[in-house]
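This report concerns a single protein chain, shown below as sequence and model.

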Amino acid sequence: MKELEKKVIQWAIDRGIHHPSNAKNQLLKSFEEMGELARGILKDDRELIIDSIGDVLVTLIILSETKGLSLEYCLDHAWNEIKDRTGKTINGTFIKD
């Protein structure tokens, strides 16, 4: 994963989109890709789901880097927040205590 993350960052640098001032644009691009993911899930389109999840990850990698973070760091932070969380799942959604 780390190697792919580096390739995405280099891709963004080469295209001039890896810059702190582009964080808002990357956020909007992430929302756009999430919309495509929603469409893929609603249509049960496996190829669109795969493509959209990848595109969401690309936008989040670039967004995190524009803010001086790494996707791995952010994921580790989130994991440490949720790993000991308790609760229950209702209708497919986890509800924390």
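The report covers the chain as a whole, one of its helices and a surface patch.

The model is predicted. The chain contains four helices and two strands, arranged along the sequence in the pattern α-α-α-α-β-β. Its overall values are listed here.

| Property of the chain | Value |
|---|---|
| Box filled by the C-alpha atoms, along the principal axes | roughly 45 × 35 × 25 Å |
| Share of the 97 residues that is buried | 24% |
| Exposed area | about 7,400 Å² |
| Part of the exposed area supplied by carbon and sulfur atoms | 59% |

Among contacts between residues at least 6 apart in sequence, 47% join residues at least 24 apart.

Helix 2 comprises 20 residues, from 23 to 42. At 1.5 Å a residue, helix 2 should span 28 Å, and the 29 Å between its end C-alpha atoms agrees with this. Its buried residues are Ala23, Gln26, Ser30, Glu33, Leu37 and Gly40. Viewed down the axis of helix 2, these residues fall within an arc of 75°, and therefore line one face of the helix. An α-helix has 3.6 residues a turn, so residues three or four places apart point the same way. Helix 3 (46-66) is included in what covers the buried residues of helix 2. The face turned away from the buried side carries the exposed residues Lys24, Leu28, Phe31 and Leu42. Asp44, which follows helix 2, has a positive phi, near 50°.

On the surface, Met1, Ile53 and Leu57 form a nonpolar patch, together offering about 290 Å² of accessible area. Met1 lies in the segment before helix 1 (2-14). With a relative accessible area of 63%, which is over 50%, Met1 is exposed.

Note on methods: Residues numbered from 1 in each chain as written. Predicted model: local features only at pLDDT ≥ 70, side-chain atom pairs only at ≥ 80, totals over all residues. Heavy atoms only, no water. Expected span 1.5 Å × (residues − 1). Buried < 20%, exposed > 50% of the residue type's maximum accessible area, 1.4 Å probe, protein only. Arc of directions from axis to C-beta. Contact = heavy atoms within 4.5 Å. Patch = residues over 30% accessible without salt bridge, like charges linked within 9 Å, V, L, I, M, F, W, Y side chains within 5 Å. Areas by Shrake-Rupley, 256 points an atom, 1.4 Å probe, with all protein chains shown as cover. Salt bridge = Lys/Arg side-chain N within 4 Å of Asp/Glu carboxyl O.
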